[in-house]
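Work through the exercises below with the model open. Each task is followed by its solution.

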Amino acid sequence: MTRCLARLACVGLLACVSLLSACSTVDTTPGSEQRSALIIVDVQYDFLPGGALATAGGDAVIGIINALQPQFDLVVATQDWHPPGHGSFASSHPGHRVGEVIELQGLRQVLWPDHAVQHSHGAQLAAGLDRQPIARVFRKGQNPNVDSYSGFFDNGQRGDTGLQAYLAARGITRVVVVGLALDYCVKYTALDARRIGLHATVLTDATRAVNLAPGDAEQTLRELRQAGVSIGRSADYLDGVR
Ligand SMILES: [Zn+2]
């Protein structure tokens with residue numbers, strides 16, 4: 001689709017009609033096209049129904065994401081990967097409960113249940129997620145003193161997972177962000193993508209929210225739009241190829 005739009009702009013209406021049918025198969029010279037990446041955020045057991053930090057309906061995104069993967073020039077994933085006793089866990093702060101907000105190393109920190117603990121079952125990527133197209137998995141949240149919602153940088157914008165450089169080295173200019181959870185890790189991954197100059201889109205049917213407070217999902221979509229993130233649906237990428 002990205003390649004189609006670029007060609008539409010270049011060759012005009014009459015010529016693009018003949019090009020549309022070939023869009024999904026034509027390879028153009030690297031550097032002369034808009035290259036797109038799918039970023040699959042934290043599709044891990046702890047964020048699925050039954051997990052430590054579950055999203056309602058989170059398992060419904062897996063099939064959609066699998067169908068989306070072939071539509072992109074590059075597919076990468078992120079994996080929340082916390083050491084035991086991580087600073088984002090309520091259990092690390094006696095007297096505080098899940099959902100409370102504290103200050104952690106100078107940053108506002110929501111306290112979570114223990115989740116995505118390194119090497120635990122809950123930290124594993126869901127078995128139903130097709131791993132074959134995923135070029136690389138970027139782990140985050142390994143620093144015990146700062147949380148890391150975004151797949152690019154930690155919440156203090158200091159720690160760098162290497163995702164930005166990885167995408168840049170492959171000429172990626174557009175990203176589509178899917179996975180879990182909409183109101184935290186998907187949101188901040190998409191916001192960081194915009195901040196570093198990428199065109200970013202979030203697909204509403206390929207993500208689910210934690211909804212710590214009612215309406216968090218809707219508020220997140222408003223914030224994303226205000227930041228210049230496009231909001232779409234998987235059909236925008238799958239129509240015409242099924
Ligand atoms: Zn986490």
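A residue counts as buried if 20 or more other C-beta atoms lie within 10 Å of its own. The model is predicted.

**Exercise 1.** Determine how many residues of strand β1 (residues 35-41) are buried, and say what follows.

Solution. Apply the cut-off of 20 or more other C-beta atoms within 10 Å. Six of the seven residues of β1 pass. The strand is therefore largely enclosed by the rest of the structure.

**Exercise 2.** Find the partners of β1 and the sense of each pairing.

Solution. Take strand β6 (residues 172-180) to begin with. Seven bridges link β1 to β6, in the parallel sense. In this pair, R35 faces I172 of β6. Now take β2. It runs parallel to β1, with five bridges between them. Here V41 lies opposite T78 of β2.

**Exercise 3.** Trace the connection from β1 to β2 and give its hand.

Solution. The unit consists of β1, helix α2 (residues 61-68) and β2. This β-α-β unit is right-handed.

**Exercise 4.** Extend the sheet from β2 and write out the strand order.

Solution. Strand β2 (residues 74-80) runs parallel to β5, and five bridges join them. A77 sits opposite V137 in β5. The order is β5-β2-β1-β6-β7-β8, an open sheet of six strands with parallel pairing. From one strand to the next, the twist averages 25 degrees.

**Exercise 5.** Why is one side of β5 and of β8 left without a neighbour in the sheet?

Solution. Locate β5 (136-140) and β8 (230-232) at the edges. Each has a single partner strand, so one side of each has no neighbour in the sheet.

Technical notes. Residues are numbered from 1 along each chain as its sequence is written. This is a predicted model: local features need pLDDT of at least 70, side-chain atom pairs count only at pLDDT 80 or more; totals for chains, interfaces and linings use all residues. Two strands pair if DSSP finds at least two bridges between them. Helices (H or I, at least four residues) and strands (E, at least two) are DSSP runs, numbered from the N terminus. Axes are lines fitted to C-alpha atoms, for helices over the stretch in contact, and angles run from 0 to 180 degrees between N-to-C directions. A residue is buried if 20 or more other C-beta atoms lie within 10 Å of its own, exposed if 12 or fewer, and partly exposed in between; C-beta atoms are placed from the backbone. A crossover is right-handed if, with the strands pointing away from the viewer, the path from the first strand over the helix to the second runs clockwise.
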